[in-house]
Amino acid sequence: MSNTTNIAAKSVLSVRNLDVTYLTRDGAVKALRDVSFDIAQGETFGLVGESGSGKSTIALAIMNYLGISGRTSGVIEYAGQDLSTLSPKELQRFRGAKIAMVYQDPMSALNPAIPVGEQIGEALQIHQGLSKHEAFTKAVDMMRRTHIPDPDVNAHRYPHQLSGGMQQRVVISMALITNPDLLILDEPTTGLDVTTEATILDLIAELRQQFNSAILFITHDLGVIAQVSDRIGVMYAGELVETGDTRRIFRRPRHPYTLALLSTAPKVTADQLDTRLTPIPGRLPDLRQLPQGCIFAPRCQFVQDVCREAQPPLAATDQETHRAACFFSDTLPLPGQNQAAGTARQRKEAGESILVADDVKVHFRERSFVETITRRPPAPVRAVDGISLTLRRGETIGLVGESGSGKTTFGKALVRLYEPSTGTLSINGTNVKLLSHTEDRHIRQRVQFIFQNPESALNPRKRVGHIIARPLRLYQLVPNSEIPDRVAELLELVQLRPEYAARFPHELSGGEKQRVGIARAFAAEPDIIVADEPLSALDVSVQASILNLLVDLQDRFGTAYLFISHDLGTVRHLCDRVVVMYLGNVYESGNVRQVFAAPYHPYTEALLSAIPVPDPEVSRDQIRLEGPVPSPRHPPSGCKFHTRCPRKWGPICEQEAPPAQEAAPGHVIYCHRPLDTLENEVFARSSANKHRKESFKPTS
Amino acid sequence: MPGFVLKRFGSLVLTLLLLSLIVFAVTQLLPGNVAQMILGPYASEETQAALELQLGLNEPLWKQYLEWIGGFLRGDWGESLRLSQDIQPILLLRLQNSAYLAIASLAGVTVFGIGLGVIAGMRQNKPSDHIISILAFIAISLPAFVTGSLLIILFAGGVWNFLPGSGYMSPSEDIGGWLLRLILPTVTLMLLLLAYVIRMTRSSMIEVLSANYIRTARLKGAPERVVVLRHALRNALLPTVTVIAMNIGWLLGSVVIVEEIFSYPGIGSLILFSVSNRDLPLLQASVMVVGAITGLANLAADIVYVYLNPRIRYQ
């Protein structure tokens, strides 16, 4: 205990025995229970957990902004004062001045009707009594420090005129302008493209050096937390289950939940490619009726009888500052040692080709007003600008790229939600453009879609059984009398109990909803499934089980997948071949081993190096793409990537489309650079290899 | 911004052109012969034919239309058949009177509607919110002739008697009397729109106050006054402005009833007069003027909307 008080003496923020309860109509939700931690000056404390773990509630509790239904007990001490006892007037003096916050989704965190410079400077007007003009000038300075280009110009702009990355820089500037003692970052990079995320994380790392604030960094992403924090707290269902030094926790996690989280996510750096993932079974407990004993016991693979009876305290492990709430923390295996045996995945040979896209383009024509008046043909939005690919039976192709690369549009063109403007699309050898109505219907059945967001993809007014039966009725796959049996079979296929057929979507968890989405896709007995980011709305622990399910179903039915994702770790795990898209074109394609190894296309290399690796001992890689993806209405000439390319070869990049270079059989890179120069830029991620940090800027 | 205004102005001109065609067509379709109407039932056919020739009624329709619209644009709005006077001065005078009424009630609606709406939205589900909402509902359920009559009974004779219940006095004559006579019709007109505006402002205020950027402002340490006035109001006003603007035309329509109740000499009662007396030139001119004003009011509302909403301003 003496150690804890010692830390408290130097700490900026000290949270002691914090409980938060939300009073709802269905009873009291105990969102946080007995949470204690300290953050010292200049230190970054990372809070990691899945949705529902209560990590954002901690942030709002510190700000004393829980809303009328929130009740707190315990102590939140900042500079000797308990923040939870302050009056609203007193609170205003702390908020923004001493404690500032950066939010997820910067677009919604910024006022759409006020220029960003004014929003940044406002805190100075409030807390330091500066005039509007003085505050604005300081805001421009602050924007310069957060590397917003042309701050004098951009300060006068409105949020919607800035890209997502710039918006988040604005929010960060807004928080830092008063030089706060404590900075709370709540999922600051979630929802941003991986390339943008990397530049924002770089910025945060740089600002940590310049400002001596204590930082509370909240995220669900183990990769992010590993890169930014000195110490970590792992949250589960409202409790802090493990806390300690970042390196130690990643190397030697002492709580089964932390261990499970670390082993469950497919990693872009994993040594073995074909191991089966170990999902965390079960789901979060109901926070209104807490189980007796350890909160994680129902999902724990190491559970013992005592775990169900008594609640383990957050006690010191073999190191005093590393604490874990587990009775058996000293006997847990290390990460990598707990992989179940015999789980290697057998990859099958792909069969005959069932989908051939030949130079498919999807252009959208929206006339602007001027174009309507002058009757000038509008410049089309070239969402997909010439994609050729072949998908074979039983194979998975991963389609990757930043948002705006056209991958979703291409996926939707395959299920014929968009008609290709030019090019041909053949499914099972038939050109889909030349079909009669009934043939068309038949072809549509062959290609099904799994949507990104299961919340909005299921009709909230229909029962699960009805939703799954839709394709059965539509394509008349089974007689009406057999539909209930078939629905039950399909539910079983996706590991849901048959009684789920009578439930409504809102009664299901996110993972269960996505299972229903998968069952619906398989109900049509398709040859091809287009899965558009099917995991991105799900928690890490659920993602693994869905991935395993997709693999099993493919093995069983030989369905071909087109897997659209921005998560390269998942793509590497699931896919056989990878297609890298940028602004509607393919820039690299090949099998997984080829694309994830040298030689790289510069864009692939940038994407890979932007991924935060869940290992604090890996130094961050050096390639950064600045700025947003250019408009597909007016794409850059020549190689479309030349405006952001860190390895631009010369003027030829601006003039001519890059040639296809075959690096190995089946591995094609579209780049002007000779292959051997791409070969040299080895992308290495071993922990022994400490990279010199070097920043590449766009050449424009 | 100028491009946007120009674009909207262009569509306004187009709308008015269409309106003029409709107005012209409708007056052509009305039963009865204009010359006969002027001369009365006992005129001989010769005099009738002579008048038709004089008025150009024998000309082809397109020529008549062009003549009429050309004259209208030049400011020659013709002569009233019944009043035997140039239409323009009468119309402009009546328009001025109605404008006092409309502007006063619009101003009242804006101030009270937005004010009460903001209060109700900020105190959602508290007593003040309930009182405002219930009163607004009562106001919206009563038609103008009921509220008008009620107001007359309450303040102009029946219960208390301190406001004139009807008539008009020009401001140059007696500014106090002018104001007094404006009060009751203005309030009647206001009550019609007030409820809409209050409900709209209330709900958009509630929505905006739960937005993330309001949380940002509060967690910046901004006092509640700044949060509401600077961060919330501007965004919350967008739908309200649309509602007010969309209802300007409707307000002008209600002017007809209100002016009738309070015997107020405005454009509404003039239109009523021209319809019941088949004074076609007067009707045509009045409708065109009202149409133009409605269009201009909507244009003004669009401009305010764009000013409030930078997302439209920079597209």
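**View 1. B:Trp160 in a loop of chain B.** In this predicted model, B:Trp160 sits in the loop that runs between helix H7 (144-155) and helix H8 (175-209) of chain B. B:Trp160 has a relative accessibility of 45%, so the residue counts as partly exposed. B:Trp160 belongs to a nonpolar patch on the surface. The other members of the patch are B:Ile153, B:Leu154, B:Val159 and B:Phe162. Together these residues offer about 490 Å² of accessible area.

**View 2. B:Ser263, a positive phi in chain B.** This view stays with chain B and moves to the loop between helix H11 (248-261) and helix H12 (267-276). B:Ser263 is found there. Its phi is near 45°, a positive value in a residue other than glycine. B:Ser263 is partly exposed, because its relative accessible area is 47%.

**View 3. A:Asn179, a positive phi in chain A.** A:Asn179 has a phi near 50°. This value is positive, and the residue is not glycine. The loop that holds A:Asn179 joins helix H8 (164-176) to strand S7 (182-186) in chain A. With a relative accessible area of 48%, A:Asn179 is partly exposed.

**View 4. Helix H18 of chain A and its cover.** Helix H18 spans residues 464-474 of chain A. Its buried residues begin with A:Val464, A:Gly465, A:Ile467 and A:Ile468. A:Ala469, A:Pro471 and A:Leu472 are buried too. What lies over these buried residues? The cover includes helix H19 (483-493) and helix H20, both of chain A. After H18(A) comes A:Gln476, with a positive phi near 50°.

**View 5. A:Gln514, a buried residue in helix H20.** Helix H20 covers residues 510-523 of chain A, and A:Gln514 lies in this helix. Is A:Gln514 buried or exposed? Its relative accessibility is 2%, so A:Gln514 counts as buried. The side chain has a polar partner: it reaches the backbone oxygen of A:Pro534 at 2.9 Å. Beyond its neighbours within four places in sequence, A:Gln514 is in contact with A:Ile450, A:Phe451, A:Gln452 and A:Pro454, among others. Further along the sequence, its contacts include A:Pro534, A:Leu538 and A:Ile546.

**View 6. A:Ile623, a buried loop residue.** A:Ile623 is placed in the loop between helix H24 (602-610) and helix H25 (652-655) of chain A. A:Ile623 counts as buried, because its relative accessibility is 3%. From A:Ile623 to A:Ala537 there are 86 residues in sequence. In space, C-alpha to C-alpha, A:Ile623 and A:Ala537 are 27 Å apart.

**View 7. Cysteines of chain A without a disulfide.** How many disulfides are there over all chains? The count comes to 0. For A:Cys307, the closest cysteine sulfur is that of A:Cys294, at 6.0 Å, which is too far for a bond. A disulfide would need the two sulfur atoms within 2.5 Å. A:Cys307 is buried, because its relative accessibility is 7%. For A:Cys326, the closest cysteine sulfur belongs to A:Cys307. This pair is 6.2 Å apart, again too far for a bond. A:Cys326 has 16% relative accessibility, so this residue also counts as buried.

**View 8. Salt-bridge pairs of chain A.** Side chains of opposite charge can pair when their charged atoms come close. The structure holds 38 salt bridges over all chains. One of them joins A:Arg144 and A:Asp152, at 3.7 Å from N to O. A:Arg144 is partly exposed at 43% relative accessibility, and A:Asp152 is partly exposed at 48%. A:Asp286 and A:Arg288 form another pair, with N and O 3.1 Å apart. The relative accessible area of A:Asp286 is 31%, so A:Asp286 is partly exposed. A:Arg288, at 34%, counts as partly exposed as well. A:Glu320 bridges to A:Arg323, the closest N and O atoms being 3.8 Å apart. A:Glu320 is partly exposed at 39%, and A:Arg323 is partly exposed at 22%.

**View 9. A salt-bridge network with residues of chains A and B.** Which residues are linked in this network of salt bridges? Chain A contributes A:Glu118, A:Glu122 and A:Lys132. Chain B contributes B:Lys220 and B:Arg230.

Definitions and conventions:
Residues are numbered from 1 along each chain as its sequence is written. Chains are lettered from A and ligands numbered from 1 in the order in which they are written. This is a predicted model: local features need pLDDT of at least 70, side-chain atom pairs count only at pLDDT 80 or more; totals for chains, interfaces and linings use all residues. Side-chain values use heavy atoms; hydrogens and water are left out. Helices (H or I, at least four residues) and strands (E, at least two) are DSSP runs, numbered from the N terminus. Buried means under 20% relative accessible area, exposed over 50%, partly exposed in between (1.4 Å probe, protein chains only). A polar contact is a pair of N or O atoms within 3.5 Å; within protein, one must be able to donate a hydrogen and the other to accept it, and residues adjacent in sequence count only if both atoms are side-chain atoms. Contact means heavy atoms within 4.5 Å. Patches are made of residues with over 30% relative accessible area and no salt bridge: like charges are joined within 9 Å, nonpolar side chains (Val, Leu, Ile, Met, Phe, Trp, Tyr) within 5 Å. Accessible areas come from the Shrake-Rupley method with a 1.4 Å probe; for residues, only the protein chains shown count as cover. A salt bridge is a side-chain nitrogen of Lys or Arg within 4 Å of a carboxyl oxygen of Asp or Glu.
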